[in-house]
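Please open the model in your viewer and keep the selection tool at hand. The tour proceeds stop by stop, each with a selection to make and a note on what is there.

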Amino acid sequence: MPAMLADVFRGHPIHLPHSHQPDFTSLRELPDSYSWTPKDDILFAAAPSPPTAVETIPLIDLDHPDAANQIGHACRTWGAFQIANHGVPLSLLQDVEFLTGSLFGLPVQRKLKAARSETGVSGYGVARIASFFNKQMWSEGFTITGSPLNDFRKLWPQHHLNYCDIVEEYEERMKKLASKLMWLALNSLGVSEEDVEWASLNSADLSWAQAALQLNHYPVCPEPDRAMGLAAHTDSTLLTILYQNNTAGLQVFRDDLGWITVPPVPGSLVVNVGDLFHILSNGLFKSVLHRARVNQTRARLSVAFLWGPQSDIKISPVSKLVSPLESPLYRSVTWREYLQTKATHFNKALSMIGNHREE
Ligand SMILES: C=C1C[C@]23C[C@@]1(O)CC[C@H]2[C@@]12CCC[C@@](C)(C(=O)O1)[C@H]2[C@@H]3C(=O)O
Ligand SMILES: O=C(O)CCC(=O)C(=O)O
Ligand SMILES: [Fe+2]
């Protein structure tokens with residue numbers, strides 16, 4: 001029985017005050033505990049892109065004959081891109097958005113019945129990275145790993161089965177899409193299935209992979225310029241596929257450009273390179289630093305499909321991508337070890353896996 005994501009934080013309890021969430025809707029002013037300054041996050045005030053900025057992550061049509069190269073280029077330059085013609089039915093995206101809105105619209109006491117435990121992954125609460133910041137984030141989240149049945153029964157005693165079906169179908173579609181994207185990106189580097197033996201059993205067998213679904217809600221905020229929806233982070237995944245409702249808020253960071261907003265494109269999905277893909281590609285693909293801002297007029301919802309290998313598979317740079325005269329940039333690591341390193345060292349985790357830490 002492979003170790004599952006749900007066990008990953010058993011030895012890493014974290015105390016987060018899920019139950020002290022304010023009633024976001026009733027606040028006219030931002031409480032001090034939600035007011036961020038550059039002292040709370042050094043990149044908080046880093047150059048935001050002007051509203052007229054033309055540059056943002058590329059939108060790639062998966063039906064385009066050159067899609068693999070476009071994906072490879074986006075992974076090397078931005079670590080993120082949007083996709084159209086991805087094959088996930090619009091009706092399913094709408095169902096997932098409806099489920100997410102309905103979940104966060106429940107009374108807080110009901111949501112707390114499914115609160116995430118201190119050592120758990122699944123359930124309702126603030127993002128796990130909240131423990132690294134002095135200020136609170138203007139958001140609430142719900143994480144799903146494995147079957148959501150038990151949690152959903154507590155949330156919707158009558159309709160939980162319908163919602164479970166939606167999650168199951170969404171995860172099924174997402175895992176096929178994630179695998180397709182991974183191979184398109186790797187193929188663009190000349191890496192094929194024989195070069196990654198743990199993932200190459202046969203392309204229809206995705207049992208080497210696992211995932212978590214993170215639902216996010218960013219309520220309308222009275223003072224968005226001082227608030228933070230989800231603080232800057234990279235995902236620990238191979239790839240993350242993100243659905244955002246029709247409300248801007250996601251930003252990606254580029255050293256040369258600062259924070260760049262990712263405009264919502266109806267029906268499209270955002271793809272982020274995660275830290276494990278950065279490691280696998282020996283640093284050629286960049287795991288993207290991203291965050292979510294909030295606004296004064298429209299609540300924002302997002303759904304992140306966080307995808308990686310089974311917890312005990314060792315990920316190391318593909319040997320074809322390491323020059324014969326150099327050692328790999330990263331040592332090998334399982335997703336379990338990496339999540340645990342991240343739980344303790346947050347954004348330093350990737351450099352801690354590096355083989356050249358003194359540089
Ligand atoms: C598999 C996982 C990735 C994640 C930690 C988790 O165990 C489940 C939630 C994921 C999430 C979503 C919001 C941002 C993030 C950094 C966090 O705090 O929880 C990611 C984690 C991650 O990618 O490291
Ligand atoms: O809400 C967003 O746009 C970002 C969400 C995110 O980064 C995450 O869930 O990991
Ligand atoms: Fe993220």
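Select phenylalanine 346 to begin. Phenylalanine 346 counts as buried because its relative accessibility is 8%; buried means under 20% relative accessible area, exposed over 50%, and partly exposed in between, with a 1.4 Å probe and protein chains only. Phenylalanine 346 lies in the loop between α7 (335-345) and α8 (349-353). Helices (H or I, at least four residues) and strands (E, at least two) are DSSP runs, numbered from the N terminus. The phi angle of phenylalanine 346 is near 45°, a positive value in a residue other than glycine. Most residues other than glycine have a negative phi.

Two remarks on the model belong here. This is a predicted model, in which local features need pLDDT of at least 70 and side-chain atom pairs count only at pLDDT 80 or more, whereas totals for chains, interfaces and linings use all residues. Residues are numbered from 1 along each chain as its sequence is written, chains are lettered from A and ligands numbered from 1 in the order in which they are written, and side-chain values use heavy atoms, with hydrogens and water left out.

Move next to asparagine 282, in the loop between α6 (275-280) and β11. Its phi is near 55°, again a positive value in a residue other than glycine. Is asparagine 282 buried or exposed? Asparagine 282 is buried, with a relative accessible area of 10%.

**The strands around β5**

Select residues 209-218, which form strand β5; 10 of its 10 residues are buried. In a regular strand the side chains alternate between the two faces of the sheet. Colour the two sides of β5 separately: Ala209, Ala211, Leu213, Leu215 and His217 are on one side, Gln210, Ala212, Gln214, Asn216 and Tyr218 are on the other, and all are buried.

Add strand β4 (residues 140-144), which pairs with β5 in the antiparallel sense over 5 bridges; two strands pair if DSSP finds at least two bridges between them. Isoleucine 144 has leucine 213 of β5 as its bridge partner. Also in strand β4 is threonine 143, which counts as buried because its relative accessibility is 7%. Display the side chains of threonine 143 and glutamine 214, which make a polar contact of 2.7 Å. A polar contact is a pair of N or O atoms within 3.5 Å; within protein, one must be able to donate a hydrogen and the other to accept it, and residues adjacent in sequence count only if both atoms are side-chain atoms.

Now select strand β12 (residues 300-309), which runs antiparallel to β5 and is joined to β5 by 10 bridges. Asparagine 216 stands opposite serine 302, and histidine 217 has leucine 301 as its bridge partner in β12. Strand β12 is largely enclosed by the rest of the structure, because 10 of its 10 residues are buried. Strand β7 (residues 239-244) is antiparallel to β12 and joined to β12 by 6 bridges. Here glutamine 244 has serine 302 as its bridge partner.

**Ligand 2**

Centre the view on ligand 2. Which residues come nearest to ligand 2? Of the 13 residues around this ligand, they are Asn216, Tyr218, His290, Arg300 and Ser302; a residue is near a molecule or strand if one of its heavy atoms lies within 4 Å of it. Strands β5, β6 (230-233), β11 (290-292) and β12 each supply at least two residues of the shell.

Three distances may be displayed from side-chain polar atoms to an oxygen atom of ligand 2:

- Asparagine 216, at 3.0 Å.
- Tyrosine 218, at 2.6 Å.
- Aspartate 235, at 3.3 Å.

The protein covers 95% of the 300 Å² of accessible area that ligand 2 has on its own; accessible areas come from the Shrake-Rupley method with a 1.4 Å probe, and for residues only the protein chains shown count as cover.

**Ligand 1**

Finish at ligand 1, which is surrounded by 13 residues, the closest being Phe9, Arg128, Ile129, Asp235 and Ser236. A side-chain N or O atom of serine 236 is 2.4 Å from an oxygen atom of ligand 1. Backbone N or O atoms also lie by ligand oxygen atoms: that of arginine 128 at 3.4 Å and that of isoleucine 129 at 3.3 Å. The protein covers 94% of the 460 Å² of accessible area that ligand 1 has on its own.
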